[in-house]
Each structure stands twice: as structure tokens, then as C-alpha cells.
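Below are some notes on burial, packing and cysteines, set out as numbered points. Please read them alongside the coordinates.

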Amino acid sequence: MRAGPWQGATGGTGGTEVLDLLTAALLPSVLAGRSASAQAYMKTTQPFLGVPVPHVRRVTRNFVRQLGISTAADRLKLATRIWSEATHREHWYAAQEICAAATCRGHLEFLPLYERMITEGAWWDIVDGCSRPYGQLLLAHPKETGALMQAWSRETNMWKRRQSMICQLHLGPDTDTGLLAAVLLANLGDREFFIGKAMGWALRQYGKSDPQWVLSWVRAHREAMTPLSVREALRHLGSPAAAQGSGFHALRESPSIPDASARQ
């Protein structure tokens, strides 16, 4: 895995050779029977090789090291090539892992690729995998990224709307509550499962940093929220003790529903 294949990945010929090399690196980690079961679980027509995600991440990091790639610009070129040439789901996971390196965090030039991941990936595993890099972009470029997330919160594309709500999952006390409130309000009452789930997830996650803010927000908007969003938001906050005096004691009485995703 020397300069030849990598030169192809940067935009010349031979890009498929780089993808073939990545695939060859992944194949020893294939688990028997996992390809079919993973594809059935994800409900996608895109095939899987059958490599567990933790192995994809480890193999991809080693692959990039062997290629001698270190700069954000080169990582962006490689990730874009692999995303574009992907034949299996694990290639998309690898493209996301390439962008996860510290050197790539907060770079606006990655936005076109991240948007492709949202619109072309168009499923919870890929979209949710973009939440951390979008959060890092928010910290580095709050004005530009915040405006983008506000615009996305009103998009017809539901995966962009989902991303606008979950992009701050990993920010904790650094969460921009003004932005969080705005994108949640833009999706209030939407009955789509992945939107309602995202709303509850975003609130529940921020509740770990500021439970009173979350309790107050849900109290103010409970009537317009779906039962799913309320239930998810208060999963760890809806006990009688936590909600005393706030009218929340009945909020956890709705029957549970099955998750459509393993993550959230």
C-alpha cells in the first residue's frame, strides 16, 4: 500500500485499486453469516461484507497509517473516493472513520462530504454517525454551522432534520440551547418515528448536563410533542421525585414501543 494506489485515491486513476486494498484488509475480519444478518437488520439493499463495526474502525485506522496519510486534506480526498466507490456498507463506515481523526475535526471543507453522507446514506446508522463531526463543526464554526442546522431543521429531507436535532449529542455543557430549542420547535409534533426519536434523544442527552432545562422545555411543549418524544426525553428524568411540582408524574405511563434502531 505505497504511493501508487494512494495517488489514485487522490483523484487520478486507480481509485478502485485503493478500494480493493481496503476490502482485502477487511476480509480477514468477516464473520460467517454476518453479511446476510446485518443487511436484513439494517433493511438496506446495500450488501455487507460481514465485518463488525469495531473491526471496521480498527482496520481502517491501520489502513490509513499504511498509506502514510496524515493531513486533513488527504483524508478528505481518500474518504470521498471510498464513499463514492463503495460497494459494501463497511466501505461507508470506513469513510466515516477516516474523517473521525483529530486532524479532521472542525474543518468546513468536509461539509460537502458530510452532506452526501446524510442524503445518500439516508438511514439511521450513517446519519447518526455524522452527529459527532457536525458537533465538532458547531464548536469550531458556530455561526456557519448553526445557521446550516437551523436551515436543515426545516428541510423536507427528514434525515437532515434528524441531524439538526442530534448534532449536539456529544457537546454536553457546551450545547447551544438556543439552537437546540429552535431545531426542536421546527419539528414539534412530527409523527415520523425517526424524527420523534431524535427529538427525545437530543433532550435526554442534554438532560445529563441540565435536567431542569429539559424538564422545563418538555413541560412547555408537552401538548405538541408526540408520546414517543416525551417518553424518550424523560427516560431518566420522569420519576415522580424528579418531576415533583411540574405535572410530570404521569408522563412515563405510556406503553413502551420497540426501537427501530440499536443506537437510538
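1. The model is predicted. The points below concern residues that can be picked out directly in the viewer.

2. Cysteines. The search of the whole structure returns zero disulfides. For Cys99, the closest cysteine sulfur belongs to Cys104 and lies 5.8 Å away, which is too far for a bond, since a disulfide needs the two sulfur atoms within 2.5 Å. Cys99 is buried, at 4% relative accessible area. Cys167 is buried too, with a value of 0%.

3. Helix H6. This helix covers residues 89–98, and ten of its ten residues are buried, so the rest of the structure largely encloses it. The buried set is not restricted to nonpolar side chains: Arg89, Glu90, His91, Gln96 and Glu97 are among its members. Also included are Trp92, Tyr93 and Ile98.

4. Nonpolar core. The largest nonpolar core has 71 residues. Leu78, Met117, Tyr134, Leu184, Leu203 and Val218 are the members that touch the most others. Helix H13 (residues 193–206) gives the most to this core, with eight residues. As background, nonpolar side chains tend to be buried together in soluble globular proteins.

5. Aromatic pairs. Ten aromatic pairs are found in the whole structure. In one of them, Tyr134 and Trp152 meet edge-to-face, with 5.5 Å between centres and 65° between planes. This pair links distant parts of the chain, as Tyr134 sits in helix H9 and Trp152 in helix H10 (residues 142–152), 18 residues apart. Both Tyr134 and Trp152 are buried. Ring pairs also join Tyr134 and Trp152 with Phe110 and Tyr114 in a cluster. Tyr134 thus appears in this cluster and in the list of core members that touch the most others.

6. Pro133. Which helix holds Pro133? Pro133 belongs to helix H9, residues 131–140. Pro133 is buried, with a relative accessible area of 13%. Its C-alpha lies 9.2 Å from that of His107, and the two residues are 26 apart in sequence.

7. Ser229. Is Ser229 buried or exposed? With a relative accessibility of 1%, Ser229 counts as buried. Ser229 is part of helix H15 (residues 227–233). Beyond its neighbours within four places in sequence, Ser229 is in contact with Gly196, Met199 and Gly200.

Terms used:
Residues numbered from 1 in each chain as written. Predicted model: local features only at pLDDT ≥ 70, side-chain atom pairs only at ≥ 80, totals over all residues. Heavy atoms only, no water. Buried < 20%, exposed > 50% of the residue type's maximum accessible area, 1.4 Å probe, protein only. Helix = DSSP H or I, 4+ residues; strand = E, 2+ residues; numbered from the N terminus. Contact = heavy atoms within 4.5 Å. Core = buried A, V, L, I, M, F, W, Y, C linked by side-chain atoms within 4.5 Å. Phe/Tyr/Trp six-rings, centres within 6.5 Å; stacked < 30°, edge-to-face > 60°.
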